[in-house]
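Thanks for sharing this one. Below are some notes to read alongside the coordinates, arranged as numbered points.

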Amino acid sequence: MHYDRPPIRPVNRPRDEAPISSAIADPIIEFRGVTYSVKGRSAPLIAELSMSVNSGETLVLLGRSGSGKTTLLRLINRMLIPSAGQVVVKGKSTMEWDAIRLRRHIGYVIQEAGLFPHFTVAENVGLVPKLDKWDSARIAKRTDELLRIVGLEPKEFAQRRPAQLSGGQRQRVGVARALGADPSILLMDEPFGALDPVTRSELQHEFSELACRLGKTIVFVTHDLREALLLASRIVLLQNGRIVASAKPQDFLRIEHAEVKAFSDTLQTVAGEPA
Amino acid sequence: MTPWTFMVTHRSEIWSATLDHVALVLIAMSIAIVIAVPLGMFIVQRPALRTFSLGLASVFQTIPSLALFGFLIPIPFIGGIGPRTAIVALVLYALLPILRNTYVGLTSIDPAVLEAAEAMGMTNTQILTGVRLPLALGIILAGIRTATVITIGVATIAAAIGAGGLGTFIFRGVAMVSDGVILAGAIPAALLAILADLLLALIERRLRVQ
């Protein structure tokens, strides 16, 4: 057996040179050997997974139902606690974070939006600022600003109830609510999954523009490869709680892996022509 | 003597019996709400206690009302003849609908709403008071409405153990074989139940979301 020794660095390296690791990337979320298992299930939902999410990137977690995508998302804001390993957010393990504080500074958008039906649109959007005890004038200003960002005219929509909105409008409010306290991280769990195809496509395109403009770190869960290719700056493919592929969208389809193939086959139309 | 003339000649007596009846119902319902609503909130997170308390409340409801009054009379402190025993029995009757609806209301909330609330960084107390309770209010009120109507009915039987109220006329009328006297108790009791039902339905509709 033969091992290559790492080359010995010259000792006289200039002292003011930045360490190499921070010059490459700036991870805002890190999974370090994370396993998540539940009682009564032999296979863990997440198995010794390590990866990092860099500041400002849009990472799409792609995978079938049950591949562990949502579990991974919920480990980030401590809705779930790892059975082994660590999830590090902004340099601190989620176990050291106060769960409430951590969550208020991570936006979260889910399918069907999960808006509070007894709140107006404005109250929904202003929820996190209110929890953080902003004064009402500042909340009102922020709410208007956020509604405009997601393309809803405050005058028309602020006082409506979620039941008086269309599915697409509800999802817009969901995004505005997640941005409430201006979090640097946004977690999105199939946010456009329940919308009709036309509205979904509109929102995807608008959102991809919005994501560029806001410069947030986004972790986006989907089972739709088309959506992943459109929105991602990096796609991570999960299978049975493990990462099987990780690549930029333009390189993703070239990866030789059965699961990548299975997903790329979904892009084919019935006639066998690429869509 | 027609029922109508009896009611006219005894109107002040009927009126005061009606007030007694309303007082019985109001006191019993207040106690039942104070017990059942917090208990319903408490058992949401505690499955063992939930089975036990819902089971016990169901048992009380299956006991025929007259038998329940009978069981309570020999019990020291809460028993005996008079309104106190009646109130205890009425409370036991009213518990189940309120308890069950509180529990169902708090647990039948859209899971996406609760997930969002948790992910927004709301504490458990904030989720209970700001999300679960307001959304469950309509269903809890429906339980209170059912319990109120039941209590108005059962309270007529409380006259059998000397609690007063509109049942007094019904029992007296049965003993006298007089339709007029029976109806002097039965009609106001029925009207009371209908009125309470309508009133609470109105409040419920205003508070129910969507």
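1. One cut-off first, since several points lean on it: a residue is buried if 20 or more other C-beta atoms lie within 10 Å of its own, exposed if 12 or fewer, and partly exposed in between. Please also keep in mind that this is a predicted model. A:Asp182 shows how the cut-off works: with 13 other C-beta atoms within 10 Å, A:Asp182 is partly exposed, because the band between exposed and buried is where such a count falls.

2. A:Asp182 deserves a look for its backbone too. Its phi is near 55 degrees, a positive value in a residue other than glycine. You will find A:Asp182 in the loop between α8 (167-178) and β7 (185-189) of chain A.

3. The loop between β6 (106-110) and α4 (121-125) of chain A holds A:Ala113, another residue other than glycine with a positive phi, here near 70 degrees. Is A:Ala113 buried or exposed? A:Ala113 is buried, because 25 other C-beta atoms lie within 10 Å.

4. A:Glu112 sits in the loop between β6 and α4 of chain A. With 20 other C-beta atoms within 10 Å, A:Glu112 counts as buried; the cut-off for that class is 20 or more. Setting aside neighbours within four places in sequence, the contacts of A:Glu112 are with A:Ala194 and B:Ala112. From A:Glu112 to A:Ile218 there are 106 residues in sequence and 19 Å in space, C-alpha to C-alpha.

5. Helix α2 (residues 69-76) of chain A is largely enclosed by the rest of the structure, because eight of its eight residues are buried. The buried residues of α2(A) include A:Lys69 and A:Arg74, as well as A:Leu72, A:Leu73, A:Leu75 and A:Ile76. After α2(A) comes A:Arg78, with a positive phi near 60 degrees.

6. Turning to chain B, its secondary structure amounts to nine helices and zero strands. The C-alpha atoms of chain B fill a box of roughly 70 × 40 × 20 Å along the principal axes. Of the 210 residues in chain B, 40% are buried. Among contacts in chain B between residues at least 6 apart in sequence, 74% join residues at least 24 apart.

7. How many residues does each chain bring to the contact between chain A and chain B? Chain B gives 15 residues and chain A gives 16 residues. On the side of chain B that touches chain A, α6 (111-119) and α7 each supply at least two residues. The largest share there, six residues, belongs to α6(B). By type, this side of chain B has 10 nonpolar, three polar and two charged residues.

8. In helix α4 (residues 65-72) of chain B, the buried residues are B:Ser65, B:Leu68 and B:Phe69. Viewed down the axis of α4(B), they fall within an arc of 100 degrees, so they line one face of the helix. This fits the geometry of an α-helix, which has 3.6 residues a turn, so residues three or four places apart point the same way. The cover over the buried residues of α4(B) includes α5 (83-107) and α7 (124-157) of chain B.

9. B:Thr62 belongs to helix α3 (residues 47-62) of chain B. B:Thr62 is exposed, because 8 other C-beta atoms lie within 10 Å. B:Thr62 and B:Tyr93 are 31 residues apart in sequence and 9.0 Å apart in space, C-alpha to C-alpha.

10. Last, a helix pair. Helix α8 (residues 167-176) of chain B packs with helix α9 (residues 179-207) of chain B at an angle of about 160 degrees, and their axes are 7 Å apart. That angle makes α8(B) roughly antiparallel to α9(B), and the crossing is left-handed. Residues of α8(B) in the contact include B:Phe169, B:Ile170 and B:Arg172, while those of α9(B) include B:Val181, B:Ile182 and B:Gly185. Taken together, the residues of the contact of α8(B) with α9(B) are eight nonpolar, four polar and one charged.

Definitions and conventions. Residues are numbered from 1 along each chain as its sequence is written. Chains are lettered from A and ligands numbered from 1 in the order in which they are written. This is a predicted model: local features need pLDDT of at least 70, side-chain atom pairs count only at pLDDT 80 or more; totals for chains, interfaces and linings use all residues. Axes are lines fitted to C-alpha atoms, for helices over the stretch in contact, and angles run from 0 to 180 degrees between N-to-C directions. Helices (H or I, at least four residues) and strands (E, at least two) are DSSP runs, numbered from the N terminus. Angles under 35 degrees count as roughly parallel, over 145 as roughly antiparallel, 65 to 115 as roughly perpendicular and the rest as oblique. A crossing is left-handed if the near helix is turned anticlockwise from the far one by less than a right angle, and right-handed if clockwise. Two residues are in contact if their C-beta atoms, placed from the backbone, lie within 7 Å. Ala, Val, Leu, Ile, Met, Phe, Trp, Tyr, Cys and Pro count as nonpolar, Asp, Glu, Lys and Arg as charged, and the others, Gly among them, as polar. The arc is that of the directions from the helix axis to the C-beta atoms.
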